[in-house]
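I opened the notebook to keep a record of what I looked up, entry by entry, and of what each look returned.

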Amino acid sequence: MGIELFRGIAALMVLLTHYARFISSDNSALAFLWTGVDLFFVISGYVFAPMVLGPKTRGEASGKNHVTAYLLRRFFRLYPLYLFALILYYFFSPAAPEKLGYFIRHLFFLHTTASTTEAYFFNPAFWSLPVEVEFYLALPLLALLGGSARKLGLLFGLSLLLGMSLNYLRGPEDLFRVLSVHLTGILPEFIVGIFLHQAVQRTCTWPLALLVALLGAGIISADFLLRYGDMAVETNALLNAPFNFMAALGYALLMFPVLRIRDTAYPSWLASLALLSGALSYGVYLFHNLMPRILLRLGMEQQQGWAFFLLCTFLTLAMALLCYHFLENPARQYGRRLSARQLGRAGDADMIKRQATLRKP
């Protein structure tokens, strides 16, 4: 339940940072909430940690059928709703000579390989999806680590060094910037989620768990002050380089005590809220930047104030709910059925192979 609740919180954070302009002229505090994307990366690492850390049966980590089944689930979980959102953004985005080319590259998650203008053209939130896809594709390789803490720790150290270097060296539109917004720069945030999963499984007293959360809150506060407070260092490349990683680390520590709570301990109303927020999170993330554009196309000028903010938020939630029931969840279930069928064929093939081996003299 806890992880579903955090999915909803992350989506709400991203919505608020993009809607801040409706309710505040000085939105530095709300601008920090764009680190909700870093929270999403930690969540992804946590959710897929068992695939990396769990015990492997022979051939499971790299077997062709298992990888195919896994990729089918990921494709139908991510792509159908993304494609629908992308088509809507295409029709509600301003005309531009490069628009069709941008659209085609978005179809293949290549929109963060050239310029910020292209990456943000349809929906600024789309920039993180190529990173997620890259993580999904890397997971079967990470699973080959076999749950080795030493190997994972070494990978974490090397990827953190690479990520910090890319963030320090990157310019406005250069190769270092491109690499910094792909898995080459963001893998450490996913691995933090994997480590979080490990920590949650271990015995820990509640006073210690709360102390960990307090440390996380301190890291988040320091990160905010360094970036947006009186001590702002946004222009200092050396101090600014670890900003997103520190946000991810702080969120992981804050999540730690909550994720230790058993699902059965949640009151029914909170459990329902957590499941609903998790179900709507992907739709909210994809569609929240679309709603102001639709209202603008319908003749409503962009307004300031809570009324416009609440209207856009309500429309986003309604859109996310409808899409979840009629597209996102059906596509997800279809992907699961295809995956199960693929694994079933693999199981039948293994059984036939074993029987043939047993028949040999």
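**Entry 1: two buried glutamates**

I began with glutamate 189 and set aside its neighbours within four places in sequence, which left contacts with Asp38, Phe41, Val42, Asn244, Phe245 and Ala248. I note at once that this is a predicted model, and I read every value below in that light. Glutamate 189 sits in helix H11, which spans residues 183-200. I then looked for a partner of opposite charge: glutamate 189 is buried yet has no salt bridge, and the nearest such side chain, that of arginine 170, is 9.4 Å away.

I turned next to glutamate 132, which I found in helix H8, residues 129-143. Glutamate 132 is likewise buried without a salt bridge, the nearest side chain of opposite charge being arginine 74 at 6.6 Å. What does the side chain of glutamate 132 make a polar contact with? I traced it to the side chain of serine 44, at 2.9 Å. Leaving aside the neighbours within four places in sequence, I listed Phe40, Phe41, Ser44 and Phe190 as the residues in contact with glutamate 132. Phe41 thus appears in my list for glutamate 132 and also in my list for glutamate 189.

**Entry 2: the salt bridges**

After two glutamates without a salt bridge, I asked how many salt bridges the count comes to. It comes to 3, and I took them one by one.

In the pair of arginine 7 and glutamate 4, the closest N and O atoms are 3.4 Å apart. Both residues belong to helix H1, residues 2-23, where they are 3 residues apart, about one turn of the helix.

Arginine 77 forms a salt bridge with glutamate 328, and here I read 2.8 Å between the closest N and O atoms. Because arginine 77 lies in helix H5 (residues 64-91) and glutamate 328 in helix H17 (residues 306-359), the pair ties together parts that are 251 residues apart in sequence. I checked the exposure of both partners: arginine 77 counts as buried at 14% relative accessibility, and glutamate 328 is buried with a relative accessible area of 3%.

Arginine 105 forms a salt bridge with glutamate 118, with the closest N and O atoms 2.6 Å apart. Arginine 105 is in helix H6 (residues 99-107) and glutamate 118 in helix H7 (residues 116-120), so this pair ties together parts that are 13 residues apart in sequence. Here I noted that arginine 105 is partly exposed, with a relative accessible area of 32%, whereas glutamate 118 is buried, with 2%.

**Entry 3: the loop between H6 and H7**

I stayed with these two helices and looked at the loop between H6 and H7, where phenylalanine 109 is placed. I read its phi as near 55 degrees, a positive value in a residue other than glycine. I wrote this down because most residues other than glycine have a negative phi. Is phenylalanine 109 buried or exposed? At 13% relative accessibility, phenylalanine 109 counts as buried.

**Entry 4: histidine 18**

I went back to helix H1, this time for histidine 18. Without the neighbours within four places in sequence, its contacts are Pro124, His288 and Asn289. The side chain of histidine 18 makes a polar contact with that of histidine 288, at 2.7 Å, and I found another with the side chain of asparagine 289, at 3.4 Å. I also took the C-alpha to C-alpha distance from histidine 18 to alanine 31, which is 7.8 Å across 13 residues of sequence.

**Entry 5: core, cysteines and the whole chain**

The largest nonpolar core holds 87 residues, and I noted that Phe126, Leu196, Met255, Leu286 and Phe287 touch the most other members. I followed Phe126 further: beyond four places in sequence, this residue is in contact with Tyr82, Ala85, Leu86, Tyr89, His106, His111 and Leu286.

I looked for disulfides and the count came to 0. For the cysteines I recorded that cysteine 204 is buried at 16% relative accessible area and that cysteine 312 is buried at 0%.

For the chain as a whole I entered 17 helices and 0 strands, with buried residues making up 46% of the 361 residues. Of the contacts between residues at least 6 apart in sequence, 78% join residues at least 24 apart.

Technical notes:
Residues numbered from 1 in each chain as written. Predicted model: local features only at pLDDT ≥ 70, side-chain atom pairs only at ≥ 80, totals over all residues. Heavy atoms only, no water. Disulfide = S-S within 2.5 Å. Buried < 20%, exposed > 50% of the residue type's maximum accessible area, 1.4 Å probe, protein only. Core = buried A, V, L, I, M, F, W, Y, C linked by side-chain atoms within 4.5 Å. Contact = heavy atoms within 4.5 Å. Helix = DSSP H or I, 4+ residues; strand = E, 2+ residues; numbered from the N terminus. Lys, Arg positive; Asp, Glu negative; His and termini not counted. Salt bridge = Lys/Arg side-chain N within 4 Å of Asp/Glu carboxyl O. Polar contact = N/O pair within 3.5 Å; in protein donor to acceptor, adjacent residues only side chain to side chain.
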